[in-house]
Amino acid sequence: MNTQATTVTMTADAEQPLLEACARGDRRAFETLFRNYFGRVHRLAWALIGDRDAALDAAQNAFLKLYRHADRVDPRRPLFPWLRAIVIRECRMQQRGERRRRAREERVARQAVPHASAADPVAAREAAERVARALSELPSAERELIVLKHLEELRYVEIAATLGIPAGTVMSRLYQARRKLREILVRLGAEELR
Amino acid sequence: MMLRSCEEYRVLLMGYLDGELDATQRAEVEKHIHSCADCSAERGSYENLNRMVQAMNTYTESERALDRYWQQTWNRAERGIGWFLFGAGAILLTGYGVFEASREFWTDPTVPLIVRIGAGAGGLGVLVLLVSLVRERLMLRKKERYTEVER
Ligand SMILES: [Zn+2]
């Protein structure tokens with residue numbers, strides 16, 4: 001169940017020739033893959049970093065790596081999990097460095113949330129903005145768990161494989177992460193969670 | 001049946017809400033929720049939390065934003081290629097320039113043989129180091145573990 005409106009999930013069959021063309025440096029093929037997946041990658045990075053500028057940078061870096069290393073990506077397997085792993089790594093790198101982190105937190109506090117497209121755009125924007133802000137206060141390991149569960153809608157075994165943690169620990173880690181996230185959201189005024 | 005604490009049930013509640021429990025565990029959690037007001041309230045609270053987080057999913061890029069991001073990304077990709085070619089060209093031209101500029105030195109009979117051998121070995125060394133550096137960069141790029149990515 002994916003609630004995003006415009007994600008067209010490409011089949012591996014459709015991806016394969018595009019990836020092969022991309023490995024030969026074909027701009028059109030790269031652009032097609034970009035337009036198909038950038039929104040999802042950017043949103044993932046945004047949830048992981050909490051800052052739109054840094055997320056844009058991380059998402060673009062992931063696609064530059066795709067363009068440079070397309071010959072190393074197995075074209076018979078779905079592309080998105082590869083992109084997801086790369087963008088998670090990019091986000092971790094972005095978050096290194098205390099000074100950058102603090103500057104980012106200040107920006108996050110000022111930012112509005114872009115691109116509302118729900119039935120009630122204002123309410124949806126405010127809700128997502130609050131969640132993004134709350135997520136940015138979580139330790140990054142817990143933020144990754146929440147994002148993979150709720151944005152990426154992965155099963156526990158897939159989360160474990162993506163993050164390299166034992167599958168048996170996902171449920172208890174998610175419990176800790178959600179408990180903290182709830183505390184933060186309550187502090188930010190989410191009455192319905194009390 | 002094993003008796004669990006409320007805290008343990010709350011961990012299981014995650015699996016329950018995420019659809020990750022087997023039938024036996026699910027029945028156990030349901031039974032506890034029916035008899036425990038606190039855990040029942042927790043269930044409602046986490047359902048709300050999950051819905052709230054899911055709200056982030058309704059965001060999509062506008063076409064215009066996507067166009068702009070594509071342009072930026074493509075420009076960066078092109079720039080990467082540009083820098084690579086520029087670097088390769090610079091090394092070639094510098095090497096050629098150094099060789100041409102010192103042509104006289106190599107053919108000058110008054111320069112002792114030992115000095116020419118020394119200079120030749122030194123120049124060769126610099127060249128080997130440069131090539132090794134470039135090769136390391138390329139190898140590093142290839143080995144950046146993008147193939148080992150879990151998926
Ligand atoms: Zn209980």
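The following exercises, each with a worked solution, concern a predicted model of a complex that includes chains A and B.

**Exercise 1. Confidence and layout of chain B**

Task: Establish how confident the predictor is in chain B, and which of its elements have the lowest and the highest mean pLDDT.

Solution. Begin with the chain as a whole: chain B averages a pLDDT of 83, and 86% of its residues score at least 70. Next, list the elements, of which chain B has six helices and zero strands, so that the order from the N terminus reads α-α-α-α-α-α. Then compare the mean values among these elements: helix H1 (residues 6-17) of chain B has the highest, 97, whereas helix H6 (residues 113-142) of chain B has the lowest, 76. For the complex, finally, the predictor gives an ipTM of 0.76 and a pTM of 0.70.

**Exercise 2. Domains and burial in chain B**

Task: Find the domains into which chain B is divided, and state what distance separates their centres.

Solution. The division gives domain 1, covering 6-55, and domain 2, covering 73-142. Taking the centres over C-alpha atoms, one obtains a separation of 66 Å between domain 1 of chain B and domain 2 of chain B. As a further step, consider burial over the chain: of the 151 residues in chain B, 27% are buried.

**Exercise 3. An aromatic pair between chains**

Task: Classify the geometry of the aromatic pair formed by A:Phe30 and B:Trp74, and locate both partners.

Solution. The count over all chains comes to twelve aromatic pairs. In the pair of A:Phe30 and B:Trp74, the ring centres are 6.2 Å apart and the planes enclose 50°. Planes under 30 degrees apart would count as stacked and planes over 60 as edge-to-face, so the remaining class, tilted, applies here. The pair crosses between chains, since A:Phe30 belongs to helix H2 (residues 27-49) of chain A and B:Trp74 to helix H4 (residues 63-101) of chain B. Both A:Phe30 and B:Trp74 are buried. Looking beyond the pair, one finds these two residues in one aromatic cluster together with A:Phe34, A:Phe38, A:Phe63, A:Tyr67, B:Tyr69 and B:Trp70.

**Exercise 4. Salt bridges within one helix and across sequence**

Task: For the salt bridges A:Glu31 to A:Arg35, B:Glu47 to B:Arg43 and B:Arg4 to B:Glu28, work out where the partners lie and how accessible they are.

Solution. The count over all chains is 16 salt bridges, and three of them are taken in turn.

1. The side chains of A:Glu31 and A:Arg35 meet at 3.0 Å, N to O. Both residues lie in helix H2 of chain A, four residues apart, which is about one turn of the helix. A:Glu31 has a relative accessible area of 14% and is therefore buried, whereas A:Arg35, at 29%, is partly exposed.

2. In the bridge between B:Glu47 and B:Arg43, the closest N and O atoms are 3.3 Å apart. The two residues share helix H3 (residues 37-54) of chain B and are again four residues apart, about one turn of the helix. B:Glu47 is partly exposed at 29% relative accessible area, and B:Arg43 is likewise partly exposed at 27%. Turning back to the first bridge, salt bridges that share partners join A:Glu31, A:Arg35 and B:Asp67 into one network.

3. For B:Arg4 and B:Glu28, the closest N and O atoms are 2.7 Å apart. Because B:Arg4 lies in the segment before H1 of chain B and B:Glu28 in helix H2 (residues 23-35) of chain B, this pair ties together parts that are 24 residues apart in sequence. B:Arg4 is partly exposed, with a relative accessible area of 23%, while B:Glu28 is buried, with 9%.

**Exercise 5. A surface patch and an unusual backbone angle**

Task: Identify the residues that make the nonpolar surface patch of about 390 Å², and locate A:Glu153, a residue with a positive phi.

Solution. The patch is made by B:Leu124, B:Leu127, B:Val128 and B:Val131. B:Leu124 is placed in helix H6 of chain B and, with a relative accessible area of 56%, is exposed. As for A:Glu153, its phi is about 55° although the residue is not a glycine. A:Glu153 is found in the loop between helix H7 (140-150) and helix H8 (156-163) of chain A, where its relative accessibility of 22% makes it partly exposed.

Note on methods. Residues numbered from 1 in each chain as written. Chains lettered and ligands numbered in written order. Predicted model: local features only at pLDDT ≥ 70, side-chain atom pairs only at ≥ 80, totals over all residues. Heavy atoms only, no water. pLDDT = per-residue confidence, 0-100. Patch = residues over 30% accessible without salt bridge, like charges linked within 9 Å, V, L, I, M, F, W, Y side chains within 5 Å. Areas by Shrake-Rupley, 256 points an atom, 1.4 Å probe, with all protein chains shown as cover. Salt bridge = Lys/Arg side-chain N within 4 Å of Asp/Glu carboxyl O. Buried < 20%, exposed > 50% of the residue type's maximum accessible area, 1.4 Å probe, protein only. Domains from an automatic or database assignment. Phe/Tyr/Trp six-rings, centres within 6.5 Å; stacked < 30°, edge-to-face > 60°.
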